[in-house]
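Biologist: I'm new to this, so please take me through the pockets slowly, and then show me what else is worth pointing at. Plain words are fine.

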Protein chains: 2
Amino acid sequence: MLKSDLHGGNIYGVDLEKRNQIIDYSSNINPKGISEFLKKKIIENINIIDKYPDPYYSELRRAIGEYNGVSNENIIVGNGAVEILFQYFKGLTPKKVLIVSPTFAEYERAALSIKCEIYLFELKEKQNFELNEEELINFVIKEKFKKDDLVIICNPNNPTGKFIELEKIEKINVKLKEEKIRLLIDECFIDFIENWKEKTAAKLKDDNIFIMRAFTKFFAIPGLRLGYGIIFEDNIKNEIAKIREPWSVNSFAELAGRFLINDNEYIIESENWIKNEKKWVYEKLLENKNIFPYKTEANFILIKLLTIESKSLKEKILKKNFLIRDASNFKFLNNQYIRIAIKDRENNKKIIEIINEETKWKQY
Amino acid sequence: MLKSDLHGGNIYGVDLEKRNQIIDYSSNINPKGISEFLKKKIIENINIIDKYPDPYYSELRRAIGEYNGVSNENIIVGNGAVEILFQYFKGLTPKKVLIVSPTFAEYERAALSIKCEIYLFELKEKQNFELNEEELINFVIKEKFKKDDLVIICNPNNPTGKFIELEKIEKINVKLKEEKIRLLIDECFIDFIENWKEKTAAKLKDDNIFIMRAFTKFFAIPGLRLGYGIIFEDNIKNEIAKIREPWSVNSFAELAGRFLINDNEYIIESENWIKNEKKWVYEKLLENKNIFPYKTEANFILIKLLTIESKSLKEKILKKNFLIRDASNFKFLNNQYIRIAIKDRENNKKIIEIINEETKWKQY
């Protein structure tokens, strides 16, 4: 695992003395930062860390269940979504996994951790990185996917920002379920989608589907470590219960999960911000004819560069104290791609100006 | 995993409405509670959770290395000592493990997680639960332990409170190393031993030995989740690096690790407290002829009951709002054993009075 490969951790590739000055556009975190309500709760309850957390996380799971319109019995919690992902692989033990790509790199590491065979399904640029579900189904049939093999779809997808509507997810699942092939939907960014509660795969309550979620991005708490899974299948859930390590969620993360979902002010302000800002950023970027931004439904945007290589642009931008994600190491992308987060208007203006300046065609 | 089996989590077996009134003598946490210095640091740095932790935990590992007189290269960190334990099993993949028992239950779960064959070596009551190293060596030879099989010693041992001096650990290791059998020493309670820095197996810097440590007990932060391993063997370390999940240590735990080891006031006060209090509690308990306390070097004490069963005594004590550990489910113990933590003088007095009252011989 190279430093530069690590999602969310790109800032640690920057020199220590420079790190604090950097505006981090490589990490897709809600720029509102930590909820003031949560800070208050942590300070009020600071003594809870002298006790072990509830190993069954009963109250936390009940709160998350309510937030998602499902029972606490359908919720498993973990140290970030990544732990949930690794647990699901260990609980299911698929022989083959199909990863709809380009996407988040950690699915491959989880598959490798149980020596599962990895197949990649390409989202094509000429199809605007949108998923063709018939081609997907044909792929798993052709490659002889069987019972308890797995298909992974990140929705909305990182780094493309594309979102698949529930109707299409349901169609795909019906087809996969005929062959008893499981479907994992990573919805770690779904909170940034308008009316996500009507669009989450949790609404299907289907035992063939496993959903990955996190508090990390929308609630801006990557350092606190809280992810969860929504599961409707008892056998896999029992397998996960057997292998899970106790107390992987710390007491402050448990507290955060219970309180943040009721922090309506934070939630509504964040929803309004993302709704306006993603439109504004996209339209501004469109004005620059030396790049091609892909329309996004999430809080980040994939950009194709037409005049400069991604690594070189990243370095130039870093000199101006902004860090972007060089997206060249995503499968099926290359050194023409970068990804930037969508942040507050002031910084968005600045980074767009810098990108405009640095992508100008230069005659030598 | 039954609720009652879960170390540290016994309090969650108590009715919710009663939990807050309970003085928890089942969990072996420093009664000084959380360091005021740490609380201040958390509040001052509350915004760190809006960033991912350093995935390599460079500063944390350097601090822990210094605390233990070893290099940062010899330190791996995790979500409590339990994660470190599971990782070591996955990194080493022993075929057989010998667990010196009665002891902490989690070693067996870690062994089962990789389907490793479990052998138990009995610490005999008639030998005062002290380890006979020749018998131990004969055992592994007789059972044909081979290269990369594993022996686990908890030191000081939970629940017996016995501590094995470094010279004896070294002797055992020399013998095991001849057969390339690995030695894991769990030193999660060693900070409670006087002059532990002269007595830790880390001093041996031996590549055959792996040491498990935690901040949990001595620094009273079980809810924060911070454990670490001390390792001198590069191949196993590399295997662990491959399988570990990123960011298993949250930002506050990382902060705690870096600052607590310099909190000399807390450390010295804690050392003085345990030195005095364990002696006082032991001598007080000795006065009761209806029980037999085992002399301890740690912050908990194993007691043999001569007049009442452990479960029944636990229930009677719970009615008075104290929770003790029924030790009957430790291997090689039975319903004659309980374990209590050593806490502050005021509560220690109270629980000893209650024990004295409830263990009186009653003629029916």
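Modeller: Here is a walk through the pockets, followed by the sheets and a couple of residues. Keep in mind that this is a predicted model.

Let's begin with the largest pocket, which holds about 1,600 Å³ of space. Its lining is made of 50 residues, and the ones closest to the centre are A:Ile243, B:Phe86, B:Lys90, B:Ser113 and B:Ile114. Try finding those five on screen and you'll have the middle of the pocket. Now zoom out to the elements around it. Chain A gives two or more residues from each of helix 4 (80–92), helix 5 (106–113) and helix 8 (234–243). On the chain B side, helix 4 (80–92), helix 5 (106–113) and helix 8 (234–243) do that too, together with strand 3 (96–101). What sort of residues make up this lining, by class? There are 21 charged residues, 17 nonpolar ones and 12 polar ones.

Next comes the second largest pocket, with about 1,000 Å³ of space. It has 34 lining residues, and nearest its centre you'll find A:Tyr12 and A:Asn20 along with B:Ile48, B:Lys51 and B:Tyr52. The elements that give two or more residues here are helix 1 (16–19) and strand 1 (23–24) of chain A, plus helix 3 (58–67) and helix 9 (251–260) of chain B. Which element gives the most to this lining? Helix 9 of chain B does, with 5 residues. Sorted by class, the lining of this second pocket has 12 nonpolar, 12 charged and 10 polar residues.

Now leave the pockets and look for the sheets. In chain A, 4 strands make an open, antiparallel sheet in the order 9-10-13-12. Strand 9 (291–293) and strand 12 (325–326) of chain A have a single partner strand each, so one side of each has no neighbour in the sheet. Further in, strand 10 (residues 300–305) and strand 13 (residues 337–341) of chain A run antiparallel and are joined by 5 bridges. For one bridge you can click on, A:Lys304 is partnered with A:Tyr337 in strand 13.

Chain B has an open sheet of 4 strands as well, antiparallel and in the order 9-10-13-12. Its edges are strand 9 (291–293) and strand 12 (325–326) of chain B, which pair on one side only. Strand 10 (residues 300–305) and strand 13 (residues 337–341) of chain B are antiparallel partners over 5 bridges, and B:Ile303 has B:Ile338 as its bridge partner in strand 13.

Finally, two residues of chain A. A:Asp206 sits in the loop between strand 6 (182–186) and strand 7 (209–214). Is A:Asp206 buried or exposed? Its relative accessible area is 15%, and buried means under 20%, so A:Asp206 counts as buried. The side chain of A:Asp206 has a polar contact, at 3.1 Å, with the side chain of A:Asn173. A polar atom of that A:Asp206 side chain also lies 2.7 Å from the backbone nitrogen of A:Asn208. Setting aside neighbours within four places in sequence, A:Asp206 is in contact with A:Asn173, A:Lys177 and A:Phe232.

The other residue is A:Lys311, in helix 11 (residues 310–319) of chain A. Its relative accessible area is 54%, and exposed means over 50%, so A:Lys311 counts as exposed. From C-alpha to C-alpha, A:Lys311 is 9.8 Å from A:Ile324, with 13 residues separating them in sequence.

Conventions. Residues numbered from 1 in each chain as written. Chains lettered and ligands numbered in written order. Predicted model: local features only at pLDDT ≥ 70, side-chain atom pairs only at ≥ 80, totals over all residues. Heavy atoms only, no water. 1 Å grid on protein atoms, 1.4 Å probe; cavity = no way out; pocket = protein on both sides within 12 Å on 5 of 7 lines; lining within 4 Å. Points joined across faces, edges and corners; volume = space filled by probe spheres on them. Nonpolar A, V, L, I, M, F, W, Y, C, P; charged D, E, K, R; others polar. Pairing = 2+ DSSP bridges. Buried < 20%, exposed > 50% of the residue type's maximum accessible area, 1.4 Å probe, protein only. Polar contact = N/O pair within 3.5 Å; in protein donor to acceptor, adjacent residues only side chain to side chain. Contact = heavy atoms within 4.5 Å.
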